[in-house]
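Colleague: Before I use this model at the bench, I would like to go through the terms in its description one at a time. Could you set each value beside the cut-off that applies to it?

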Amino acid sequence: MVSQRRRTTTERSLGDWHPTAAHARAVILASVCGVAAVLGRRPDLLVIAAPLAVAAGWGHLARPRAAVTGRAALGDATLREGGVTTLVVHADPPVRQADGVVTLASTAWVERKPASGIARLDDDGVAVLGLRSLRWGRHRVGTLSLTLTSAWGAFRVGPTDLPDLDICALPLPSAFDTSAPTPHPRGIVGQNRSSHPGSGTEFNTIRRFHPGDRLRRIHWPVSLRTGDLHVTSTFSDEDAHVFLLVDAYSDLGPREGIDGRPTSLDVTVRAAGAISEHFLRANDRLSLRTVGAADVAPIGVGSGNHHLRRVLDTLASIAPATERRDEGEHAIRGVDPMALCLVLSPLIEPTMVALAHTLASRGLTVIVVDTFPEHLVANPANVHESLAWRIRLLSRAAQVHSLTSRGVPVVPWRGPGSLDHVLRDIARRASAPRMSRR
Amino acid sequence: MSEQPTHHGDRPGSPPDGRPDGRPDSRAGGSSAEQPAVTASPSRPATSYRTLRLGAGPEWSSGQLALGAVSTGGAALFLVALYFAAGGFDLIWWLLVLVPVLTLSMAGSGMSLGFWALMLYGWFLLTDSGSFTWWSLPAAAGLLVSHAATALSASMPPAGQLASAAVHRWGRLIGIAFSAAAVVCCAAAAIHGRSLGLGPAAYVIGLVGLAAGVWLVRTNPPSQPH
């Protein structure tokens, strides 16, 4: 769930101090050697036992008596995949002349630094470990345990496991940009040129001055030539509604994280993040629905940076194929008829093809973004698997053809400019003469 | 047995820089300075250290291996001192020098206590009763160094690195404790061969004092390392 609370700080009492085997060794050997030296008239044994007696006495006298609490805090609980943050561990109160060791267990998709996950507390009782997220999603930082050992290694507290911490790695958007206009703009704050004259930046025409026109719009060359005041008129800028439908039915390919080859869901989520970032920064409105993943709340229409954060947070919470019974009917219910519908899917699940057909049959502008990772069909390490995928793509081609024959463009995700061609085609199609019934 | 180089900037506080500039990879090209919650990381020079894996066991850091070597060196020093103090012993005793390194993974157990109890028993058997030898001083040093190295080794995981501050602190502790052995050794050398006129009552008082000392430092049974 998007609203799920993430634990970013934690603390726990480390418990009581206990003597160690080293302290027992020093006490027993010093005592036995002392007795043997006295009874056996062996001054050399007394010499040998003297340092151990010092160690035993020192270790006992320097025994910490304060209860120690271990605290840990994440520098940033939300970061991009591939991003880094710090994990700061405190021992409170700091124990003088004590050796403190912090151990962070290994966990999936979180890289530790040092790689061993072991750090020592400094004199102030503080240790800092580095964390790097290797894949988008919600991850639990590995179990953190803290151990303190007093002078001469005589007494120890811990190792005590602190409650686990969570980080959220937002998908790292692929590079994306488009210069093509978004179809059907109808808002008032966007950057898309509408067909209505108004206040904007896109040139429309030069006309006579009307009362209410801004003086800075006066076009002086034409005004001087004609003898009447003329102004430059523009088209108004409007915002569009972009509807994203994300396929979370499957996650095809080996999961290798940010440093490896992407899975289909990696491509889908990163593409959705990139598209969201692009359109929301252009002041367009955007909504997001997910199909095939449980506990992912739909994101309603919104705009701005805060909305972008919500979208990325929702994308990070996707767990693939956790709701196989989802037919997607809820996802496409109540979609704005003027919205630009972008369906992001590897098109392996027939349900997604059916949903694209349904949206198109409602008269919506639909574009299917194919997020099938190409490396699956060109894997020299496993020719049989590559062959199987190629056969599967042949059967998928019929479904893709059914979409294109219906007028739904299917474009592979290529990053920047992926949608330019189809968006321009859609804009031309909207301005083309069409047959209407009278 | 495999030796695994691990390249990381293991300075505490330095985040894991996956890229030379410490930033995510080039796929971040679409993001700008207004990205939500992007954590920047300063670039730091990466250092490297090696770990050693013995069979299917855990990885051992160079610091832990050094502590094992120091502990073994302490046992060797004790045996050398015993050899000269006793005027020689059977060669089989030299095999005991291998015990600390073979029990490296049991530094936090009672194994070391049993080992040093055996070594001290050997000293008690092989040296003459009532005698004093200056070789007891290097023997005390060997025992102390081995004890400290084992205690420090038990205070951290096998893959843990030694901090220079900890090494210096333990070095000071060892130096101070060894000075006690030197003082006792000088005192023993001074009074050796002389009659102090001590009667049985003095021995009783001494033993009672020793028992009182042990009683004062009594504690619960030692905790088992996890």
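Modeller: Gladly, and please keep in mind that this is a predicted model. Chain B has 6 helices and 3 strands, and along the sequence these elements follow the pattern β-β-β-α-α-α-α-α-α. Chain A has 8 helices and 21 strands.

Colleague: How many residues does each chain have, and what percentage of them is buried?

Modeller: In chain A, buried residues make up 56% of the 438 residues, while in chain B they make up 35% of the 226 residues. A residue is put in that class when its relative accessible area is under 20%.

Colleague: What part of the accessible surface of each chain belongs to carbon and sulfur atoms?

Modeller: Chain B exposes about 11,900 Å², and carbon and sulfur atoms supply 66% of that area. For chain A the accessible surface comes to about 18,800 Å², with 53% belonging to carbon and sulfur atoms.

Colleague: Let us turn to the helices of chain B. Why are α3(B) and α4(B) called roughly antiparallel?

Modeller: Helix α3 (residues 111–126) and helix α4 (residues 136–154) of chain B pack at an angle of about 175°, with their axes 12 Å apart. Angles over 145 degrees count as roughly antiparallel, and therefore α3(B) and α4(B) are given that description.

Colleague: Which residues meet where α3(B) and α4(B) are in contact, and how do they divide into nonpolar, polar and charged?

Modeller: From α3(B) come B:Ser112, B:Trp116, B:Leu120 and B:Trp123, and they meet B:Ser136, B:Ala139, B:Gly142, B:Leu143, B:Ser146 and B:Thr150 of α4(B). The residues of this contact comprise 5 nonpolar, 5 polar and no charged; for that count glycine is among the polar residues.

Colleague: Now to chain A. How do you know whether A:Ile167 is buried or exposed?

Modeller: The relative accessibility of A:Ile167 is 1%, and the limit for a buried residue is under 20%, so A:Ile167 counts as buried. A:Ile167 sits in strand β13 (residues 166–170) of chain A. Beyond its neighbours within four places in sequence, A:Ile167 is in contact with several residues, among them A:Arg6, A:Leu74, A:Val110 and A:Arg138. A:Arg138 is 29 residues away from A:Ile167 along the chain, yet their C-alpha atoms are separated by 6.0 Å.

Colleague: What class does A:Val410 fall into at 19% relative accessibility, and why?

Modeller: Buried means under 20%, so at 19% A:Val410 counts as buried. A:Val410 belongs to strand β21 (residues 410–412) of chain A, and its contacts outside the four neighbouring places include A:Leu347, A:Val368 and A:Asp370.

Colleague: Which residues touch the most other members of the largest nonpolar core, and which element gives the most to this core?

Modeller: That core has 38 residues, of which A:Leu244, A:Leu315, A:Ile318, A:Leu342, A:Ile367 and A:Leu419 touch the most other members. Several elements of chain A each supply at least two residues of this core, including β13, β16 (241–247) and α8 (420–431). The element that gives the most is α4(A), with 9 residues. As background, nonpolar side chains in soluble globular proteins tend to be buried together.

Colleague: What is noted about phi in A:Trp109 and A:Asp295?

Modeller: Phi of A:Trp109 is near 70° and phi of A:Asp295 is near 60°, each a positive value in a residue other than glycine. Such values deserve a remark because most residues other than glycine have a negative phi. A:Trp109 lies in the loop between β6 and β7 of chain A, and A:Asp295 in the loop between β17 and β18 (299–302).

Colleague: Why is A:Trp109 called partly exposed, and A:Asp295 exposed?

Modeller: Exposed means over 50%, buried under 20%, and partly exposed in between. A:Trp109 has 24% relative accessibility and so counts as partly exposed, whereas A:Asp295, with a relative accessible area of 53%, is exposed.

Colleague: Finally, where are the cis peptide bonds at A:Pro93 and A:Pro114, and what is omega in each?

Modeller: One joins A:Asp92 and A:Pro93, with omega about -5°, and A:Pro93 lies in the loop between β5 (84–92) and β6 (99–104) of chain A. The other runs from A:Lys113 to A:Pro114, with omega near 5°, and A:Pro114 is in the loop between β7 (110–113) and β8 (118–120) of chain A.

Terms used. Residues numbered from 1 in each chain as written. Chains lettered and ligands numbered in written order. Predicted model: local features only at pLDDT ≥ 70, side-chain atom pairs only at ≥ 80, totals over all residues. Heavy atoms only, no water. Helix = DSSP H or I, 4+ residues; strand = E, 2+ residues; numbered from the N terminus. Buried < 20%, exposed > 50% of the residue type's maximum accessible area, 1.4 Å probe, protein only. Areas by Shrake-Rupley, 256 points an atom, 1.4 Å probe, with all protein chains shown as cover. Contact = heavy atoms within 4.5 Å. Axes fitted to C-alpha atoms, helices over the stretch in contact; angles between N-to-C directions. Parallel < 35°, antiparallel > 145°, perpendicular 65-115°, else oblique. Core = buried A, V, L, I, M, F, W, Y, C linked by side-chain atoms within 4.5 Å.
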